[in-house]
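Here are some short exercises on charged side chains and how they pair up. Have the coordinates open and try each task before reading its solution.

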Amino acid sequence: QVQLVESGGGLVQPGGSLTLSCAASGIRFSIYTMYWYRQAPGTQRDLVAAITNGGSTNYADSVKGRFTISRDNAKNTVYLQVNSLKPEDTAVYYCNARNMFNYWGQGTQVTVSS
């Protein structure tokens, strides 16, 4: 059974930081490209960041310089370090694993508010 379990979300003030984690099980994690998406209420789910199995990364323009994606293949975990948070970063953040198959986590809520 494949599971992607996100954690690390919460309520943070503008300018604050969080570390989101996504622990994968049931897949050969090291061969998957891993993605973080986010979805705010009433909007589409948007790509935030991606990291290939070789460690190459890509970011949405809106988060470049503030967010960092990384992975630990030994722990089957992908991370998203989110810094300098803004109210517009408020969303549910989802982990996605994609190779031949496509798997999603249940999401973790990030709320940026004073």
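**Exercise 1.** Work out whether Lys64 is buried, partly exposed or exposed in this predicted model.

*Solution.* Start with the relative accessible area of Lys64, which comes out at 48%. The partly exposed class sits between 20% and 50%, so Lys64 is partly exposed.

**Exercise 2.** Find the salt-bridge partner of Lys64 and classify that partner's exposure.

*Solution.* Go through the carboxyl oxygens and you land on Asp61, where the closest N and O atoms are 3.1 Å apart. That is within the 4 Å cut-off, so the pair counts as a salt bridge. Next, check the partner: Asp61 has a relative accessible area of 65%. Exposed means over 50%, so Asp61 is exposed.

**Exercise 3.** Which residues are linked with Asp89 in a network of salt bridges?

*Solution.* Take one contact at a time. The side chain of Arg66 meets Asp89 at 2.7 Å, N to O. Arg66 belongs to the loop between strands E6 and E7 and Asp89 to the loop between E8 and E9, so this pair ties together parts 23 residues apart in sequence. Arg66 and Asp89 are both buried.

Now the other contact: Asp89 also forms a salt bridge with Arg38, at 2.9 Å from N to O. Here the partners are 51 residues apart, with Arg38 in strand E4. Arg38 is buried, and so is Asp89. Put together, Arg38, Arg66 and Asp89 make up the network.

**Exercise 4.** How many salt bridges does the structure hold?

*Solution.* Tally the pairs: Lys64 with Asp61, Arg66 with Asp89, and Asp89 with Arg38. The total is 3.

Definitions and conventions: Residues numbered from 1 in each chain as written. Predicted model: local features only at pLDDT ≥ 70, side-chain atom pairs only at ≥ 80, totals over all residues. Heavy atoms only, no water. Helix = DSSP H or I, 4+ residues; strand = E, 2+ residues; numbered from the N terminus. Buried < 20%, exposed > 50% of the residue type's maximum accessible area, 1.4 Å probe, protein only.
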